[in-house]
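Biologist: Please take me through how features such as burial, charge pairs and ring pairs are read from a set of coordinates, with the general idea before each case.

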Amino acid sequence: MFQLIDVFWAYTFIAILILVGRFIRQRIGLLKSLFIPSSVVAGVIALLLGPSALGTIIKSTIGADSALINGIFPEAILTVWSKSPGVFINIVFATLFLGQIIPGWGRIWQQASPQAAFGQILGWGQYVIGLILGITVLTPIFKLPPIAASLIEVAFEGGHGTSAGMADTFQELGFAEAADLSLTLATIGLVSGIIIGTWLIDWGRRTGRIQQLQEEVSLGNEDSIHIHTEEETSITVARERLFKDLLIDPISLNFGFVGLAVAIGWLILQALGFIESITWGSGDGLKLVAFVPLFPMALIGGILVQLLLVRTNRSYMVSRPLMERIGGLALDVTIVTALASISLTALGSNLVPLLILAVAGITWNVCVYVFLAPKLIPFYPNERGLGDLGQSMGVTATGILLLRMVDPDNRTGAFECFAYKQLLFEPILGGGLFTAAAPALIVRYGSIPMLLFTSVILAFWLIFGFWNCNQLRKKQG
């Protein structure tokens with residue numbers, strides 16, 4: 001249990017940790033060159049100063065009666081942190097499409113369909129690889145539950161936020177250690193995504209696969225999870241007039257729409273739960289919605305709010321840059337608190353399976369990029385594919401970073417294709433509905449049926465991707 005003052009101090013410590021993380025990051029060349037976010041550095045610092053690291057050392061050397069048995073942080077603050085990731089991840093996903101310009105579906109499909117096929121192949125393949133490993137190695141040899149097969153996609157496609165948001169689901173399904181493993185995998189994916197992506201850019205230029213000139217890369221916000229959207233001048237003027245007339249702080253108004261998106265997502269989740277209880281989930285039927293967290297529904301709620309604002313000509317009420325700041329702050333809190341709550345004991349007892357999952361996931365992603373991207377993306381495949389490769393090994397920011405490194409002037413149109421592709425990707429994988437439901441589905445139906453199911457979907461996207469690429473090339477003559 002904790003009190004409101006504990007919450008206040010918990011987030012005060014987070015703010016200080018982020019400042020310390022930023023200071024350390026700027027002065028350690030390796031961290032800076034790898035574009036490791038300050039929030040990740042801050043989370044690692046909190047982990048080392050918490051009960052899993054410092055507390056364990058104190059316990060083994062001084063004894064269990066020491067005041068530092070939980071590290072330097074009081075137990076109430078640690079309790080607040082352990083509950084925070086599952087809360088703030090809803091804000092992150094609610095802001096993803098608020099303030100975005102959503103064009104017509106025809107234009108989205110034309111530009112994003114190759115990227116969507118490529119991203120879906122990366123994501124569904126991670127399930128296929130994970131399930132094969134689960135059936136052959138993880139469960140029979142290391143005695144891990146079958147849902148360990150879903151960790152590659154949760155961690156690599158979903159990143160730290162999704163891994164943290166799935167903690168309660170893993171707990172309810174009887175594999176609480178999965179949250180720690182997933183967060184560690186997400187860190188491995190983030191670092192390896194940047195390192196391997198940078199090497200692939202250099203390799204692509206040396207072999208002639210990438211033609212764009214490399215320029216200085218500058219990430220305005222290293223932890224940004226969005227792509228900036230250009231606005232019409234009329235929208236900017238209307239928004240300034242609105243803020244002046246309402247006498248309200250702009251960030252307060254925008255946060256109100258975030259709250260509306262989360263509330264709509266909650267209503268959708270409740271409605272799905274009711275439908276399930278009177279249909280397929282009645283009696284001993286399939287219970288699925290109970291294991292679906294709120295954040296994928298918050299994403300859908302954000303899309304619905306944005307479409308409503310556009311339809312009523314009130315899109316000027318939402319500022320995309322402010323939504324990025326709100327989402328970025330929520331993501332920072334999610335990452336720091338999630339990393340601070342990792343159990344190093346759980347990692348130590350599952351180190352070999354963790355390495356197996358990491359190597360398998362990285363190998364799959366790189367092979368798909370090298371061998372399949374030219375056959376799935378008709379134009380500038382090596383440049384455009386890097387965004388999806390980065391996203392599939394870390395977070396969206398990793399993909400954006402690699403795109404800025406390979407095509408800083410956006411001569412290939414990669415940014416637009418990558419942004420539109422999220423509309424066809426995020427609601428399903430990378431923290432979407434199937435990501436949330438997959439562990440429960442594996443428990444319900446077993447690994448082999450789910451392997452067949454994911455393999456069929458992977459085959460569909462492969463066939464569609466090859467066909468769609470050929471069609472687009474024919475249209476361009």
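**Reading the features one by one**

Modeller: Let us start with accessibility: Arg 206 has a relative accessible area of 54%, which makes this residue exposed, since exposed means over 50%. Please keep in mind throughout that this is a predicted model.

Biologist: With which residue does Arg 206 form a salt bridge, and how far apart are the closest N and O atoms?

Modeller: The general idea is that side chains of opposite charge can pair when their charged atoms come close. Here the partner of Arg 206 is Asp 202, and the closest N and O atoms are 2.9 Å apart. Both residues belong to helix α11, which covers residues 177-207, and because they are 4 residues apart they are separated by about one helical turn. Asp 202, for its part, is partly exposed, with a relative accessible area of 40%.

Biologist: How many salt bridges does the count come to?

Modeller: The count comes to 3 salt bridges. One of them joins Arg 320 and Glu 324, whose closest N and O atoms are 3.8 Å apart; these two are 4 residues apart in helix α15, and so about one helical turn separates them. In another, the side chain of Glu 324 meets that of Arg 325, with 4.0 Å from N to O. Through shared partners, the salt bridges join Arg 320, Glu 324 and Arg 325 into one network.

Biologist: Is Arg 320 buried or exposed, and what of Glu 324, buried or exposed?

Modeller: The cut-off that matters is that buried means under 20% relative accessible area. Arg 320 is therefore buried, at 1% relative accessibility, and Glu 324 is buried too, at 2%. Arg 325, in contrast, is partly exposed, with a relative accessible area of 36%.

Biologist: Which helix holds Thr 334, and which residue's backbone oxygen does the side chain of Thr 334 reach?

Modeller: Thr 334 is found in helix α15, which runs over residues 320-340, and this threonine is buried, with a relative accessible area of 0%. Its side chain reaches the backbone oxygen of Ala 330 at 2.8 Å. If one leaves aside the neighbours within four places in sequence, the contacts of Thr 334 are Pro 85, Phe 88, Ile 89, Val 92, Gly 161 and Ala 164.

Biologist: How many of the residues of helix α3 are buried?

Modeller: In helix α3, residues 38-48, 9 of the 11 residues are buried, so the rest of the structure largely encloses this helix. Among those buried are Ser 38, Ser 39, Gly 43, Ile 45 and Leu 47.

Biologist: What span should helix α22 have, and what distance separates its end C-alpha atoms?

Modeller: One takes a rise of 1.5 Å a residue and compares the expected span with the distance between the ends. For the 29 residues of α22, residues 447-475, the span should be 42 Å, and the end C-alpha atoms are 41 Å apart, so the two agree. Its buried residues include Met 450, Leu 451, Ile 457, Leu 458 and Leu 472, and what covers the buried residues of α22 includes α7 (105-138), α17 (351-376) and α21 (433-445).

Biologist: How many aromatic pairs does the structure hold?

Modeller: In general, a pair of aromatic rings is described by the distance of the centres and the angle of the planes. The structure holds 14 aromatic pairs. In one of them the rings of Phe 460 and Phe 464 have centres 6.3 Å apart and planes at 15°, so this pair is stacked; both residues lie in α22, 4 residues apart, about one turn of the helix. Phe 464 also forms an edge-to-face pair with Trp 461, at 5.7 Å centre to centre and with 85° between the planes. Trp 461 and Phe 464 are 3 residues apart in α22, and so are separated by about one helical turn. Phe 464 is buried, with a relative accessible area of 14%, and Trp 461 is buried at 15%. Elsewhere, Trp 124, Tyr 127, Phe 434 and Phe 453 form one aromatic cluster.

Biologist: How many disulfides does the structure hold?

Modeller: A disulfide is a covalent bond between the sulfur atoms of two cysteines. The structure holds 0 disulfides. As for individual cysteines, Cys 469 is buried, with a relative accessible area of 0%, whereas Cys 367 is partly exposed, at 34%.

Key. Residues are numbered from 1 along each chain as its sequence is written. This is a predicted model: local features need pLDDT of at least 70, side-chain atom pairs count only at pLDDT 80 or more; totals for chains, interfaces and linings use all residues. Side-chain values use heavy atoms; hydrogens and water are left out. The expected span of a helix is 1.5 Å times one less than its number of residues. Buried means under 20% relative accessible area, exposed over 50%, partly exposed in between (1.4 Å probe, protein chains only). Contact means heavy atoms within 4.5 Å. A polar contact is a pair of N or O atoms within 3.5 Å; within protein, one must be able to donate a hydrogen and the other to accept it, and residues adjacent in sequence count only if both atoms are side-chain atoms. A disulfide is a pair of cysteine sulfur atoms within 2.5 Å. Rings of Phe, Tyr and Trp (its six-membered ring) pair if their centres lie within 6.5 Å; planes under 30 degrees apart count as stacked, over 60 as edge-to-face and the rest as tilted.
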